[in-house]
2 protein chains.
Amino acid sequence: MKLNKFESEVVNKIKIEKSKSGSHSPSIFTLASIIPELDITIDGCFLSNPYATNLFLDFMQSELIETGKMRDFLEYYPSQNRFIAEIIGNTINIPGDHIFVGNGAIEIIQAVLHRFISGKLLVTIPTFSSYYEFANDLTEVTYYNLKKENGYVLDVDDYISYVKKTKIDSIVLINPNNPDGNYITFSDIQKIVGELSYLKNIIIDESFIHFAYEDEDLKVMSAAKLIHQYENLIVIKSMSKDFGIAGIRSGYSIMSAFRVNQLLSNGYLWNSSGLSEYFFNLYAREDFQNLYNDVRRRYISETKIFINDLKQLEGIKVYGSKSNFVLFELLNNISAEVFHSKLLITHGIYSRLCYDKIGLEGEFIRIASRGFGDNAQILTTIKRLLNE
Amino acid sequence: MKLNKFESEVVNKIKIEKSKSGSHSPSIFTLASIIPELDITIDGCFLSNPYATNLFLDFMQSELIETGKMRDFLEYYPSQNRFIAEIIGNTINIPGDHIFVGNGAIEIIQAVLHRFISGKLLVTIPTFSSYYEFANDLTEVTYYNLKKENGYVLDVDDYISYVKKTKIDSIVLINPNNPDGNYITFSDIQKIVGELSYLKNIIIDESFIHFAYEDEDLKVMSAAKLIHQYENLIVIKSMSKDFGIAGIRSGYSIMSAFRVNQLLSNGYLWNSSGLSEYFFNLYAREDFQNLYNDVRRRYISETKIFINDLKQLEGIKVYGSKSNFVLFELLNNISAEVFHSKLLITHGIYSRLCYDKIGLEGEFIRIASRGFGDNAQILTTIKRLLNE
């Protein structure tokens, strides 16, 4: 498998852009404006539920745009952090003084790493790079390697004993993990948090938890309620993925009231956008929650089919996912870079090349589940490319 | 002048809410949801150009909503900080590597105070309270008092000699200043920055500078271009006021490339909302800038009339403003609190009671210029209240 001339030219332009984006992919806007000849029809790099985006758009259309209320949300200052925290708290049944609202989860990750973390931070790799890139000067980042031979599944007992015998101050776990999508059950999370209650900080990032499930009811099993027992627990939640609204920058976290006070004592007053405040008001409403649950279930069931279909393909190895994306390894000496470029440039499908993911060795690509039609197109294209 | 029973009851509810908002006013959303019996028809607490909001809404309506492109701005991650900085840089003719984009100016104020300021910070009072409230533990905030007898106008020579004879590390000036609206001319700013080039930091907040002018052309005289000469200069710019878009949280700052790198080295990657990125794309377009200049001129001329009319009223003293708001003092022993409450509760006009502004002694109210009709209503109502 080789790139043609056009593909090679575009790849070079992308590399230049990518070098400016650090260890993250350039946004679809950035790519489109830098390389106008690119025609991206499916964004499988970004990990979100498109049906949830539709739902938010429907509410926004009828409640804000058609009524003219949109103006208020653009013109005026949104409410302060504590006020929005109360709305979220009522919705998730956690006291509002334990909630810190962020301009996306990324602002919370930054705040937590800059303000609360020092000493040895154990990051499980491969994982989302900001957890090591945003560390402050007082932090020594150390790594716990998820094993390829175990399919990057966390061995909970080995992990706990490793933390105990090493002088670790703080840990971070993403559940389900990015980029492999492996899920830690609630009872295992309880075990980890219980055994490691002496740590200074336990960060659990649940940005993808709405895509995971433990039973047929697809109930979301958040660690949030453990906050009442463990002062060192910090649960971080992006709304960008499960609710499909990365552009409005919504996120929140659950932590001790003492820590929320520390953050709000000299900052973070008006960090929500107007549309984020509107979203959290929807999030608190039963009518929205019911409709959201429908699109969540639909998306999970379509994602299951997508992952199973991918597993049938020869020439790739699919790693187990309980999230809304798939990590697959290209076998038979196919280069992930070439495969990724062909997908993007010739077929308009944007996926995530995983070369820069620390702790991931091999020819890996991560791709999101999108709508039913898009998934079919992704599947057909991957199949065709593998047969070339 | 006294409150009636209904007014007193509502005042008590507002006081409870206000105690949660610190030294800032509760947003109009917060007030509306806590005290539904309040019917606010004019928000003169928030300081923005409503014609600019209309302009943004018109562009958004035709370019995003009617085309269906709105979805992209809500669903996808916006571009990274540096990418948006380049767009702004091209527009204001400053290299992009000198620009840091913020989730509103408030995020930049916080970043600058937390990351760059230590030692003695001189804050000119009365002023925007975040400049002392957000200071970190390494900072000692000291105050330079603007004198009431001079109408809170900055005496530039006295200020420079005060800074020189006191061991000050950093200074902050808001131009035009909030809450009095006094403007420091560009030549005076040049003098201050030139004489105090030995300081660690000179912060100039130009969040209201589009409302100021020095000649008939109404040219905006920003200190931004001085960045090439002075490494210690930090210019902060909110877009919420002059462009009437507080809800999308847009702001930027101009500082040395070294400092921008420091901030971006471990954070602030995706702190813009999708609509903020869209706004900065508009900001870079000539068609938008031309139309914006029309609404800016219209608003400035209407604001001039509003301020002049207020100056004619007996019973209040109006302080000179080159911004889009007016600070006035109630004479004849009228309580600002009672006046503010009557304006809000009985007449639906939300103004800013200034009791908590450090450095402001007396019965002060700040009120924004709104559209022509709203200004007329504000004027009539104030006149009527003064004659009661």
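**Entry 1: A:S276**

I began with a single side chain and found that A:S276 makes a polar contact with the side chain of A:S250, at 2.6 Å. I note at once that this is a predicted model. I then looked up where A:S276 sits, and its place is helix α11 of chain A. Is A:S276 buried or exposed? Its relative accessibility is 0%, and the cut-off for buried is under 20%, so A:S276 counts as buried. Setting aside residues up to four places away in sequence, I listed what A:S276 touches: A:I248, A:R249 and A:S250. A:S250 thus appears in my notes both as a residue touched by A:S276 and as its partner in the polar contact.

**Entry 2: the contact between the chains**

I turned next to the two chains. How many residues does each chain bring to the contact? I recorded 67 residues from chain A and 66 residues from chain B. Between them the chains bury about 5000 Å², and 60% of this lies on carbon and sulfur atoms. I asked which residues of chain A lose the most area to chain B. They are A:F29, A:L74 and A:Y77, which together account for 15% of what that side buries.

For charged pairs, I found a count of two salt bridges between chain A and chain B. One of them I looked up in detail: A:E75 pairs with B:R370, and the closest N and O atoms are 2.7 Å apart. I also noted 26 residue pairs in polar contact between the chains, with both residues at pLDDT 80 or more.

I then asked which helices of chain A supply at least two residues each to the side that touches chain B. My list reads α1 (5–20), α2 (28–34), α3 (50–65), α4 (70–75), α6 (105–115), α7 (130–133) and α11 (274–283). The largest share, seven residues, comes from α3(A). Sorted by kind, the residues of this side are 27 nonpolar, 27 polar and 13 charged.

**Entry 3: A:Q110**

I chose one residue of helix α6 of chain A, namely A:Q110. A:Q110 has a relative accessible area of 9% and is therefore buried. Which residues does A:Q110 contact, leaving aside its neighbours within four places in sequence? I found A:F134 in chain A, and B:N266, B:G267 and B:Y268 in chain B. I also looked up the separation of the C-alpha atoms of A:Q110 and A:Y131: these residues are 21 residues apart along the chain, and the atoms are separated by 8.5 Å.

**Entry 4: helix α5 of chain B**

I checked the length of helix α5 of chain B, residues 81–92. At 1.5 Å a residue, its 12 residues should span 16 Å, and its end C-alpha atoms are 16 Å apart, so the two values agree. The buried residues of this helix are B:N81, B:F83, B:I84, B:A85, B:I87, B:I88 and B:G89. What do they pack against? In chain A I noted α1 and α2; in chain B, β2 (99–103), β8 (250–254), α10 (257–265) and α11 (274–283).

Just after α5(B) I came to B:N93, with a positive phi of about 65 degrees, although B:N93 is not a glycine. B:N93 is found in the loop between α5 and β2 of chain B. With 68% relative accessibility, above the cut-off of over 50%, B:N93 counts as exposed.

**Entry 5: A:Y152 and two cis bonds**

I found a positive phi of about 65 degrees at A:Y152 as well, and A:Y152 is not a glycine. A:Y152 lies in the loop between β4 (139–145) and α8 (156–165) of chain A. At 2% relative accessibility, A:Y152 counts as buried, whereas B:N93 counts as exposed.

In chain B I looked up two cis peptide bonds. One joins B:I125 and B:P126, with omega about 0 degrees, and B:P126 is in the loop between β3 (119–125) and α7 (130–133). Another joins B:N178 and B:P179, with omega about 20 degrees, and B:P179 is in the loop between β5 (170–174) and α9 (186–195).

**Entry 6: helix α12 of chain A**

I ended with helix α12 of chain A, residues 286–312. Its 27 residues should span 39 Å at 1.5 Å a residue, and its end C-alpha atoms are 39 Å apart, which agrees. Among its buried residues I noted A:F288, A:Y292, A:R296, A:E302 and A:L310. The buried residues of α12(A) pack against α3, α11, β9 (316–319), β10 (325–330), β13 (364–368) and α14 (372–387) of chain A.

Note on methods:
Residues numbered from 1 in each chain as written. Chains lettered and ligands numbered in written order. Predicted model: local features only at pLDDT ≥ 70, side-chain atom pairs only at ≥ 80, totals over all residues. Heavy atoms only, no water. Contact = heavy atoms within 4.5 Å. Buried area = accessible area lost by both parts, 1.4 Å probe. Salt bridge = Lys/Arg side-chain N within 4 Å of Asp/Glu carboxyl O. Polar contact = N/O pair within 3.5 Å; in protein donor to acceptor, adjacent residues only side chain to side chain. Helix = DSSP H or I, 4+ residues; strand = E, 2+ residues; numbered from the N terminus. Nonpolar A, V, L, I, M, F, W, Y, C, P; charged D, E, K, R; others polar. Buried < 20%, exposed > 50% of the residue type's maximum accessible area, 1.4 Å probe, protein only. Expected span 1.5 Å × (residues − 1).
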